[in-house]
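Work through the following exercises with the sequence and the model side by side, and try each task before you read its solution.

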Amino acid sequence: MSGIITAVFKATIGWFVDKGRDEAAEKLKDGDVADQQFRGIIMREIDDMRFKLDGLSRKDLLASITNFREGIVLLYEVFNETRPRSELGVDAAQAACVEAASLTEGMRNLDLTESGTRKLASAKKRFERAREKAIDAFSNEALSTSDRILAMQYRVMSTVLETIDNPADAVAPCKFCIEELNGLPVVQKSLKVQLKTGISAVKGWIRKEERRKLLTEVCRVNRLAYDVTQTVLKEPVPPWPMVDTGEEKVDILREGRVAKALRKQGMENCSLLWILSQDGNEDHKITKPLDIATNSSGQYIIADNDLTIKVFDNSGEFVKRFRLPPLIDDRGRELSVAHWLVRLATDMNDKIYALVREMGHEDSYWIFKFNKTADQHHTFPVKKMGSVSIHGELSVSDSGKVMVLRNDSMKDFIVDVYETDGQFVCRFGEKILRYPWDITTVSDGRVMVVLQSPSRSVHIFNEQGEHLSKFDLPGSPGLSKIAFHRESQQVLVAGIDNSTRLLHIGIYTKDGAFVRSSLIHGEKLRILCGIAVTTEGRIGVVAALEDDTRRVFMDQDLVSVQKVNPEKE
């Protein structure tokens, strides 16, 4: 079966799995979504919902659930005939999204028999009926709020599975569903009360459990639609319908106060909010992160200030750690490494590169190159500048060129280019770069350097150092970091907003055209230390807080509260 079809199916029906009730769900974590045991869990959950519904006023909702169930039965028969062999887990819908195969694959690539084709058409017809009945049920104001939210859940799931052979067709309708759901007055009022604190919240806490349950179900439907959307589009910080409380517009999936309520309901997986490695085994914890990178598997690679590199999977689970080996120079001497300055990058083959500085020698930089499993390494020195070097950044191009950005106390700014074996290629940027802060490489061989002065801008070079063009960053904060997202061909420029101390992310095309920007609300930050984006469009940042502690915030910990048009600033 096509990877994208399996991922969309899993993202849609994965929320039926109740791990608190079913030990089998945990056992199926690395199993097949078409497994009959998993099918049994889904059918049980659907039947439980049907049995809880009665009365004439709920006939449309009952009809929707019945048609949806029939569609699932037929779809499983299609799966059985195509003998899918997915390796996707069942414990989290977002895990399936991360592991989805290329979007160019589709149901049309399945080798369906005549029977399978007929059953697929019948299943899609059932989902169409389920969607139509769910629309009628959601529109029935006589139903309770919980029943209307349940109707919207089936409407979203039916919308997705009705277009399972062309998943992209479901994105716009799903977002429209969420706009309707998030626009319900009861949802807006409930969230407004949930976000209040102190004396003003006392009255609202009278029915807090009922309100928390309502918001939990709203978040569940939002997360369902979000997972499907990101599975299909794979874009960083996808714009999402807000809930307008009358006082602020809130992304309910990324709001910290809502996340606390979800945790109390045991539904924290509905939120996108988490901080990497704050708990657990001491060896797994991140003490003072310095930089972040990702690889093709969606893993997060973190440099910690104890000269260790820690790797986490796309769900934040610890994978492994390794220590930087002794740094030996050409004469066989072991050199001390400054533990507070480690920069990371990866290449197309998932090799890991670490830029380090020799302790006590400000112009002595070295690069560690590790293989994918980090059990082999090679080191080579970076060409000296001839004066005290006070800043260094690292990136590796698709063609295997290692780019090192540095500046020194004499205010000289250069980019050195190396082959991956350490052979020096060229140096560029003199008299062009003024106060650069970060560097990234683009899939077409171009190199981008973000500048802080005399104007905030991005300068574009080719790998030979020829200056091609530049584009300005109106409204972008200072000391910005830059990253390239290969799948969407978009450039991310991120920094800390001076007035609010919140994270600001601007997204541009690789030619510099502005796409959109977001002011990210969470903890107030002092400085951004590093940024990386996975192939699926999930962002990870290393940031220092105002108390100078450092944390790794993932896409799940970014709270988008408003969109900013820099041309209006």
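Two strands are said to pair if DSSP finds at least two bridges between them. The model used in these exercises is a predicted one.

**Exercise 1. An open sheet of three strands**

Task: Find the order of the strands in the open sheet that contains β25, β26 and β27, and decide which strands stand at its edges.

Solution. Begin with the order, which is β25-β26-β27, and note that the pairing in this open sheet is antiparallel. Next, look for strands with a single partner: these are β25 (525–533) and β27 (550–554), which stand at the edges, so one side of each is left without a neighbour in the sheet. From one strand to the next, the twist averages 20°. As a last step, follow the pairing of β26 (residues 539–545) with β27, where five bridges are found in the antiparallel sense, and where Ala543 stands opposite Arg551 of β27.

**Exercise 2. An open sheet of four strands**

Task: Give the order of the strands in the open sheet that runs from β9 to β12, and explain what it means for a strand to stand at an edge there.

Solution. The four strands follow the order β9-β10-β11-β12, again with antiparallel pairing. The strands β9 (337–346) and β12 (377–381) each have a single partner strand, and therefore one side of each lacks a neighbour in the sheet. Here the twist from one strand to the next averages 25°. To see one pairing in detail, take β11 (residues 365–370), which is joined to β12 by five bridges in an antiparallel arrangement; in this pair, Phe370 stands opposite His377 of β12.

**Exercise 3. A strand with two hairpins**

Task: Describe how β4 is covered and how it is connected to β3 and to β5.

Solution. First consider burial, for which the cut-off is under 20% relative accessible area. In β4 (residues 300–304), five of the five residues are buried. In a regular strand, side chains alternate between the two faces of the sheet. In β4, one side carries Tyr300, Ile302 and Asp304 and the other carries Ile301 and Ala303, and since these are all buried, both faces are covered.

Now turn to the partners. The strand β3 (residues 289–294) pairs with β4 over five bridges in the antiparallel sense, and Ala293 has Ile301 as its bridge partner in β4. These two strands form a hairpin with five residues between them, and in its turn Gly298 has a positive phi of about 80°. With β5 (residues 308–312), β4 shares four bridges, and these strands also run antiparallel; the bridge partner of Ala303 in β5 is Ile309. The hairpin of β4 and β5 has three residues between the strands, and Leu307 takes a positive phi near 65° in it.

**Exercise 4. Two helices that meet**

Task: Decide how α6 and α7 are oriented towards each other, and what kinds of residues make up their contact.

Solution. The axes of α6 (residues 114–139) and α7 (residues 145–162) come within 8 Å and cross at roughly 155°. Angles over 145 degrees count as roughly antiparallel, and the two helices α6 and α7 are therefore roughly antiparallel to each other. The crossing in which α6 passes α7 is left-handed. The contact includes Phe127, Ala130 and Phe138 from α6, and Met152, Tyr154 and Leu161 from α7. Its residues divide into 10 nonpolar, two polar and six charged.

**Exercise 5. A residue in a loop**

Task: Is Ser480 buried or exposed, and which residues does it touch?

Solution. Locate Ser480 in the loop between β20 (467–472) and β21 (481–485). Its relative accessibility is 1%, and because this lies under the 20% cut-off, Ser480 counts as buried. Leaving aside residues up to four places away in sequence, Ser480 touches Trp437, Asp438, Val450, Gln452, Val493, Ala494 and Gly495. Take Trp437 from this list: Ser480 and Trp437 are 43 residues apart in sequence, and their C-alpha atoms are 6.7 Å apart in space.

**Exercise 6. The chain as a whole**

Task: How many helices and strands does the protein chain have, and what percentage of its residues is buried?

Solution. The count gives 11 helices and 28 strands. Of the 569 residues in the protein chain, 57% are buried.

Technical notes: Residues numbered from 1 in each chain as written. Predicted model: local features only at pLDDT ≥ 70, side-chain atom pairs only at ≥ 80, totals over all residues. Heavy atoms only, no water. Buried < 20%, exposed > 50% of the residue type's maximum accessible area, 1.4 Å probe, protein only. Axes fitted to C-alpha atoms, helices over the stretch in contact; angles between N-to-C directions. Parallel < 35°, antiparallel > 145°, perpendicular 65-115°, else oblique. Left-handed = near helix turned anticlockwise from the far one by under 90°. Contact = heavy atoms within 4.5 Å. Nonpolar A, V, L, I, M, F, W, Y, C, P; charged D, E, K, R; others polar.
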